[in-house]
Structures are given as C-alpha cells and as structure tokens.
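Thank you all for coming. I would like to go through one structure with you this morning, beginning with how its helices pack and ending with a few single residues.

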Amino acid sequence: MERKEIEAKVRAFLIDDLEIDEEKIAPEALLKEDLGIDSLDFVDIVVIVNREFGFKMKSDEMAEVKTLSQFCDYIEQRVE
C-alpha cells in the first residue's frame, strides 16, 4: 500500500469517525495535544486500523508514536 493511500485513509477516519477538524490534520500534528486523541479514541483507532489496514495495533508499539506522520510511518511498516 502506498504512503499516499495510507495518509488518505487515516485522514478520512480522523475526520469521519473521530470528528477531528480537517484544518488540524497535518503531518507534524501531535496526536494528543493537537488532535485531542484520548484513550477512548485510541480504542476506536485500534478497531478502525484493524478494519482498514488488516493488522492489530499494539499499545506498547504505539508508545513512541507522537505525531500524525509517525502514526502513518507505523502503519506503513506493518502493511504490504
């Protein structure tokens, strides 16, 4: 899967499922501080990533992920 496709899918579910303002979504945006993603949102993200990308996220692997770009990197490393 191409990086642009990953970014498009992530952008779509952030806007549609988590109702994050489209203007806040940028590669350098911090997931918690800028996008307001909390622990309840994280549960939704795990389900969405499993559905959209076909793998289950692990919370210990996500510990170092701070920005939207890093989140897309994480997904890119796990999909074919």
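Let me start with a convention: an angle between axes under 35 degrees counts as roughly parallel, over 145 as roughly antiparallel, 65 to 115 as roughly perpendicular, and the rest as oblique. Please also keep in mind throughout that what you see is a predicted model.

With that in hand, take helix α1, residues 3-16, and helix α4, residues 68-78, which pack at an angle of about 120° with their axes 10 Å apart. Under the convention, α1 and α4 are therefore oblique to each other, and their crossing is right-handed. On the α1 side the residues that take part are Arg3, Ile6, Glu7, Val10, Phe13 and Leu14, and they meet Leu68, Ser69, Phe71, Cys72, Asp73, Ile75 and Glu76 in α4. If we sort the residues of this contact by class, 8 are nonpolar, 1 is polar and 4 are charged.

Now let me turn to the packing of α1 against α2, where the angle is about 140° and the axes are 11 Å apart. Since the value for roughly antiparallel is over 145 degrees, α1 is oblique to α2 as well. Here, too, α1 passes α2 in a right-handed crossing. The contact is formed by Ile6, Lys9, Val10 and Phe13 from α1, together with Ile45, Ile48, Val49, Glu52 and Phe53 from α2. In terms of class, the contact of α1 with α2 holds 7 nonpolar residues, no polar ones and 2 charged ones.

Which residues touch the most other members of the largest nonpolar core? That core has 26 residues, and the ones in question are Val10, Leu14, Phe71 and Ile75. The elements that give two or more residues to this core are α1, α2, which spans 39-53, and α4. Val10 deserves a second look in this setting, for if we leave aside its neighbours within four places in sequence, Val10 is in contact with Phe53, Leu68, Phe71, Cys72 and Ile75.

Let me move on to the loops, beginning with Thr67, which lies between α3, residues 59-62, and α4. Is Thr67 buried or exposed? Its relative accessible area is 16%, and the limit for buried is under 20%, so Thr67 counts as buried. Apart from its neighbours within four places in sequence, Thr67 is in contact with Pro27, Glu28, Ala29, Leu30 and Leu31.

Lys58, in the loop between α2 and α3, is partly exposed, with a relative accessible area of 46%. Along the chain Lys58 and Tyr74 are 16 residues apart, and their C-alpha atoms are separated by 11 Å.

Going back to helix α1, we find Asp16 there, and at 56% relative accessibility Asp16 counts as exposed. Asp16 and Leu31, which are 15 residues apart in sequence, are 16 Å apart in space when taken from C-alpha to C-alpha.

The last residue I want to show is Glu19, whose place is in the loop between α1 and α2. Glu19 is exposed, with a relative accessible area of 67%, and the backbone carries a positive phi of about 55° at Glu19, although this residue is not a glycine.

Methods: Residues are numbered from 1 along each chain as its sequence is written. This is a predicted model: local features need pLDDT of at least 70, side-chain atom pairs count only at pLDDT 80 or more; totals for chains, interfaces and linings use all residues. Side-chain values use heavy atoms; hydrogens and water are left out. Axes are lines fitted to C-alpha atoms, for helices over the stretch in contact, and angles run from 0 to 180 degrees between N-to-C directions. Helices (H or I, at least four residues) and strands (E, at least two) are DSSP runs, numbered from the N terminus. A crossing is left-handed if the near helix is turned anticlockwise from the far one by less than a right angle, and right-handed if clockwise. Contact means heavy atoms within 4.5 Å. Ala, Val, Leu, Ile, Met, Phe, Trp, Tyr, Cys and Pro count as nonpolar, Asp, Glu, Lys and Arg as charged, and the others, Gly among them, as polar. A nonpolar core is a set of buried Ala, Val, Leu, Ile, Met, Phe, Trp, Tyr and Cys residues joined through side-chain atoms within 4.5 Å. Buried means under 20% relative accessible area, exposed over 50%, partly exposed in between (1.4 Å probe, protein chains only).
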